[in-house]
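Welcome to this tour! Open your viewer, get your selection tool ready, and follow along one stop at a time.

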Amino acid sequence: NTFESVALEWLKVRKKPVVIESSYERIKTRLENDIFPYLGSQPVDKIKPTELLETLRHVTDRGAIETAHRILSSCDAIFRYAIATGRAESSPARDLKDALTAVTPGEFAAITEPDDIGQLLRAIDAYKGTLTTRIALKLSALVFARPGELRRAKWADIYLTDKQGRYLVTKTDREQIVPLSHQAIALLEQIQMVTGDYEYVFPGARSNARPMSENAITAALRSMGYSGDQMTAHGFRTMASTRLNEMASHSQENLSWDADCIEVQLAHVTGRVRGVYNRGKYIKGRTDMMQTWADYLDELRAL
């Protein structure tokens, strides 16, 4: 009657046909990484709301707020299964939603679940708008720069031989290096044949002397059926941050990059990165991370 035993039984019951394989494995991995080490050996009917909340705060403390809410939802379903099978009388997860850090809605809404990311990438591949906008969408996912900095990218700042992009971060007034994955380079080489003679990588529709409209990416997302509460141009940054932090915290391998690499690549100057920030910091780890991220997106697209 331990929580882990009941959870695994619940997973087995749900695996077919309700939950597709990838979702089943993702839920199981979350429980194994974030719940079982703390509560797995406890009797399912003895777990208190405060214990579950404390456990979930290990997840929110690393910034994976949406993931914490999804884990809470799974836990509530497990406790309800325990009630239905006579092994518990109530769910300690039932009233915890408002006790967790809220998922930030609105302007920076983002897709962060792997299955949903894969669906978004396939929608971008099928986008019927201009080539310039479609490649801007693809690069938004790959390099996760701020939307304004991506649309204002200049060919003078792209160093394909060095496999890097360089630009001035508007919020910090510092030069930023963006290691370019093989996939990003291929896209830039493709768009270079169209816009390579212009100043901007993504020139505007009305004038080649101006960058792409600030609404172009948002309008493309809306045309693909994504509302403002689902995905935004800025959401590609949240998407990358969420998934990369999950990779770093759960990886069993010796990665060459960590949470600091993610923060520097996002051009954040916060926390313990603040005092050591410079344009070349963690460049080896960041280069490996950007290629890992691009390969991961290819895997999700193919699911």
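**Stop 1: a small hairpin**

Select Ile158 and Gly165, and you will see Ile158 standing opposite Gly165 in β2. Keep in mind as you look that this is a predicted model. Now add Tyr159, whose bridge partner in β2 is Gln164. Strand β1 covers residues 158-159, and two bridges join β1 to β2 in an antiparallel arrangement. Together β1 and β2 make a hairpin, with four residues between the two strands. Click on Lys163 in that turn: Lys163 has a positive phi of about 60°.

**Stop 2: the rest of the sheet**

Next, select residues 174-179, which are strand β3. How many bridges join β2 to β3? There are six, and these two strands also run antiparallel. To find one of the pairs, pick Arg166 and look across to Ile177, its bridge partner in β3.

Now show the three strands together. They form an open sheet in the order β1-β2-β3, with antiparallel pairing. β1 and β3 are at the edges with a single partner strand each, so one side of each has no neighbour in the sheet. While you have the side chains switched on, here is a general idea to try out: in a regular strand, side chains alternate between the two faces of the sheet.

**Stop 3: the whole protein**

Zoom out and colour by secondary structure. The protein has 13 helices alongside its three strands. Of its 303 residues, 48% are buried. Switch on the surface too: the accessible surface comes to about 15,300 Å², and carbon and sulfur atoms account for 48% of that area. Contacts also link distant parts of the chain: among those between residues at least 6 apart in sequence, 67% join residues at least 24 apart.

**Stop 4: the largest nonpolar core**

Hide the surface and select Leu139 and Phe236. Within the largest nonpolar core, which has 57 residues, these two touch the most other members. The elements giving two or more residues to this core include α6 (114-125), α7 (131-143), β2 (164-169) and α13 (283-302). Which residues does Leu139 touch, leaving out those up to four places away in sequence? Select Phe144, Leu150, Ala184, Leu187, Leu188 and Phe202 to see them.

Stay in helix α7 and move to Thr132. Is Thr132 buried or exposed? Its relative accessible area is 14%, so Thr132 counts as buried, for which the cut-off is under 20%. Draw a distance from Thr132 to Thr195: they are 63 residues apart in sequence, while their C-alpha atoms are 8.6 Å apart in space. Thr195 is also one of the contacts of Thr132 beyond four places in sequence, and the others are Ile191, Phe202, Pro203 and Met212.

**Stop 5: a second core**

Apart from that core lies another, of 31 residues, including Phe36, Val44, Ala77 and Ala82. For a closer look at Phe36, select Leu31, which lies in helix α2. Leu31 counts as buried, at 1% relative accessibility. Beyond four places in sequence, Leu31 touches Phe36, along with Ala7, Leu11, Pro37, Cys75 and Ile78. Try another distance here, from Leu31 to Glu4: the two are 27 residues apart in sequence, and 8.6 Å separates their C-alpha atoms.

**Stop 6: cysteines**

Click on Cys75, one of the contacts of Leu31. Cys75 is buried, with a relative accessible area of 0%. Then jump to Cys261, which is also buried, at 2%. How many disulfides does a search of the whole structure find? The count is zero.

**Stop 7: colour by confidence**

For the last stop, colour the model by pLDDT. The mean for the protein is 87, and 88% of the residues reach 70 or more. Among the elements, α9 has the highest mean pLDDT, at 97, and helix α2 (residues 21-34) the lowest, at 79.

Now select residues 17-21, where pLDDT stays under 50 and the model has four contacts beyond four places in sequence. Finish at residues 271-279: pLDDT stays under 50 here as well, and the model has 17 contacts beyond four places in sequence for this stretch.

Methods:
Residues numbered from 1 in each chain as written. Predicted model: local features only at pLDDT ≥ 70, side-chain atom pairs only at ≥ 80, totals over all residues. Heavy atoms only, no water. Buried < 20%, exposed > 50% of the residue type's maximum accessible area, 1.4 Å probe, protein only. Contact = heavy atoms within 4.5 Å. Areas by Shrake-Rupley, 256 points an atom, 1.4 Å probe, with all protein chains shown as cover. Core = buried A, V, L, I, M, F, W, Y, C linked by side-chain atoms within 4.5 Å. Pairing = 2+ DSSP bridges. Disulfide = S-S within 2.5 Å. pLDDT = per-residue confidence, 0-100.
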